[in-house]
Amino acid sequence: MRRLGYLVVDRIVEHLEALPDLPPIRAGDAGALRAALGGPPPEQPSDPERALELLFEQVLPFGQLGDHPRFFARIGSPSNYVGVLADAAASGFNVFTGSWTGGAGAATVELVVVDWLRELCGLPGESEGVLVSGGSTGTITALAAARRARLGGRPEPGAVVYASDQAHASNARALDVLGFAPEQLRRLPADTAFRLAPAAVHEAMMVDVAAGRRPFCVVATAGTTSSGAVDPLAELAELCAEHGLWLHVDGAYGAPAVLCPAGRAALRGLERADSLVLDPHKWLFQPYELGCVLVREPGLLERTFALTGDYLRDVTGGEVNFRDRSLQLTRGGRALKLWLSIRVFGLAAFRDAVARGIALAEHAEVLLSARPGWEVVAPAQLGIVCFRRAGDDEEQSRIADAMGRDGFAAPSTTVLGGRAVLRLCTINPRTTFADVERTIERMEIV
Ligand code: PLP
């Protein structure tokens, strides 16, 4: 066991050391992969070292390296090694956090971590939370709580939710799963800064009220996936308070920016959320899968998700039973990685790393603005900058594809204001300013 374990650790460390020299994305050939990895399940045992070799040579190299210093596509996941070790320990001890009896130590760590995140985001002390696999499940969890609080737990047909057309698609999917019809979500056109305008929400609400419908919830985004834009949270909170709507904030990407002064200023009003989702596996540098849901009203998660059963009668009571706060009964030790890495590195390192991500995108914006043939379409916001090369939409896709084949850096594309744009998401603390400079130079010649 030790020999194999050390082998795995060595391979992980070698991989992390080699990262800057690897292509950030390596495509796989479906036929070749299936041929190397498939076949019927072997009836007989085989040499574990050879099986591990197959894993390291034929499985793990194919895909995106979200923690690569020049992976700028979509949202990266610049994880950290302490978090990796905590995940290994959680797996090795097969930590269970569904009940207090099942894992009092790890459940306490989860309470601690959730409370750290709550405090950072400025929600009141009695607010509660739970860790989940990521933003998508977090949104289902949060909106189920909202539905419980405001609609008695049912997707009342007249209830209406408001979001901008820049909101992440997981919000619409969550509402769908929760039984809301597509027309119960108003996807309002964002303003010229790609934000949800409170006046547009107000106007849509008035139309709905006049038609006998019931405005129920605003989904505000704190850091959109496309451009990093932050909806005007304080103003939307005001509107929600005035009209009795639930304010859900999707901070899956951007909420961790509260750690640094520039981010905190951009996220003013975050603390007024009724529910909030953020993803430590994005901008808090954790390995997948780690999302967090925070809910202002104490006890609401339990009112939404409490699970009972005769077979659970021996494991009730105690400080907390996390099975009662989300859809998972059997759940592992997700909190350990964030807790351990904050303990080891200190929060100041996280603050610096987040500020650096913001500064890298600003650096890219300055460079692009000064270069003929480039247009900045959305200025650097929370670590994302969107821009266009002279030419049509196909030209932007061609550059992204060519960069993929070139293998030096991975930008991605999105659509803003009806036009395709290139974007860089620069949240990896291992990214250097030279990495950004060389990436921009490369995009010009591919
Ligand atoms: N919300 C936003 C703003 C996101 O950027 C993302 C993912 O990028 C999600 C939600 C979904 O999160 P996950 O991929 O962890 O399910």
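Q: Which helix gives the most to the lining of the second largest cavity?

A: Helix α5, residues 104-121, with three residues. Keep in mind that this is a predicted model.

Q: Which residues line the second largest cavity, and what is its volume?

A: The lining consists of L117, L120, C121, P256, V258, L259, L278 and L284. The volume is about 30 Å³.

Q: How do the residues of that lining divide into nonpolar, polar and charged?

A: Eight are nonpolar, with no polar and no charged residues in the lining of the second largest cavity.

Q: How many cavities of 30 Å³ or more does the structure hold?

A: Two. The largest has a volume of about 40 Å³.

Q: What lines the largest cavity?

A: Residues A163, A167, H168, A169, N171, A172, L185 and R187. By class, five are nonpolar, two are polar and one is charged.

Q: Which elements each supply at least two residues of that lining?

A: Helix α7 (169-177) and strand β5 (185-188) do. The largest share, three residues, comes from α7.

Q: Now the sheet. How do strands of a sheet pair?

A: Through backbone hydrogen bonds, either parallel or antiparallel. In this structure, seven strands form an open sheet with mixed pairing. Read across, the order is β3-β9-β8-β7-β6-β4-β5.

Q: Why is one side of β3 and of β5 left without a neighbour in the sheet?

A: Both strands stand at the edges. β3 (128-132) and β5 each have a single partner strand, so one side of each stays without a neighbour in the sheet.

Q: By what angle are neighbouring strands of this sheet turned against each other on average?

A: By 20°, with direction ignored.

Q: In which sense do β6 and β7 pair, parallel or antiparallel?

A: Parallel, over five bridges. Strand β6 spans residues 214-221, and strand β7 spans residues 246-251. To locate the pairing, find T221: it stands opposite D250 in β7.

Q: Which strands does helix α6 touch as it packs on the sheet?

A: Helix α6, residues 135-151, touches β3, β4 (159-164), β6, β7, β8 (275-278) and β9 (291-295). Its direction makes about 155° with that of β6.

Q: Where does helix α9 lie?

A: Across β6 and β7. Helix α9 covers residues 233-243 and runs at about 155° to β7.

Conventions:
Residues numbered from 1 in each chain as written. Predicted model: local features only at pLDDT ≥ 70, side-chain atom pairs only at ≥ 80, totals over all residues. Heavy atoms only, no water. 1 Å grid on protein atoms, 1.4 Å probe; cavity = no way out; pocket = protein on both sides within 12 Å on 5 of 7 lines; lining within 4 Å. Points joined across faces, edges and corners; volume = space filled by probe spheres on them. Helix = DSSP H or I, 4+ residues; strand = E, 2+ residues; numbered from the N terminus. Nonpolar A, V, L, I, M, F, W, Y, C, P; charged D, E, K, R; others polar. Pairing = 2+ DSSP bridges. Axes fitted to C-alpha atoms, helices over the stretch in contact; angles between N-to-C directions. Contact = heavy atoms within 4.5 Å.
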